[in-house]
Amino acid sequence: MPNINDAFPSAYLKASDIQGATPIVTIDHVAFEAVGRERLMKAVVYFKGKDKGVVLNKTNATKIAQIAGSQQTEDWTGTRIMLYATETEFGGETVECIRIKPVPANRQVAAPAPQPAPQPVSEPETGGMVTDDDIPF
């Protein structure tokens, strides 16, 4: 069945896009873009492997700064956060919104195990010269 939100696509992530999930994302970068009808410059946070970013309001920007441990947006790259949809009051109405929280300790991803060093390749016993037998085709 069609969803009304599909009729009004957005360049930015909306609460309805995450459909009640709590995705964990990694910040790729923050860009400052002209947003909305009035084309006001706002910070937009983008995530690794995702097309849409989240237009930041003060609440979400402050939360990311707290999680990342820095007020400088360039320091946020690589920070993992959890997104969730909720509601807030805006212009006297209750509207859906995206909020941000830290990734719970039980959802943290362990660092990948170190890979063994590659084994050295021995030289053919031709005195260092390459023969037709050494060419792989």
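Among contacts in the protein between residues at least 6 apart in sequence, 43% join residues at least 24 apart. This value, like those that follow, is computed from a predicted model. The elements listed below show which parts of the chain are involved in the fold.

The secondary structure consists of one helix and five strands. Followed along the sequence, these elements appear in the pattern β-β-β-α-β-β. The helix therefore stands between β3 and β4 in the sequence, as helices and strands are numbered from the N terminus.

The five strands form an open sheet, and their order within it is β3-β2-β1-β4-β5. Pairing in this sheet is antiparallel. In general, strands of a sheet pair through backbone hydrogen bonds, either parallel or antiparallel. At the edges of the sheet lie β3, residues 54–55, and β5, residues 93–102, each of which pairs on one side only.

The edge at β3 may be examined further. Strand β2, which covers residues 40–47, pairs with β3 in the antiparallel sense over two bridges. Within this pairing, V44 has V55 of β3 as its bridge partner.

Helix α1, formed by residues 58–68, lies across four strands: β1 (24–35), β2, β4 (80–90) and β5. Relative to β5, the helix runs at about 10°.

Values for the whole protein complete the description. Of its 137 residues, 23% count as buried. The accessible surface comes to about 10300 Å², and carbon and sulfur atoms account for 54% of that surface.

Methods: Residues are numbered from 1 along each chain as its sequence is written. This is a predicted model: local features need pLDDT of at least 70, side-chain atom pairs count only at pLDDT 80 or more; totals for chains, interfaces and linings use all residues. Side-chain values use heavy atoms; hydrogens and water are left out. Two strands pair if DSSP finds at least two bridges between them. Contact means heavy atoms within 4.5 Å. Axes are lines fitted to C-alpha atoms, for helices over the stretch in contact, and angles run from 0 to 180 degrees between N-to-C directions. Buried means under 20% relative accessible area, exposed over 50%, partly exposed in between (1.4 Å probe, protein chains only). Accessible areas come from the Shrake-Rupley method with a 1.4 Å probe; for residues, only the protein chains shown count as cover.
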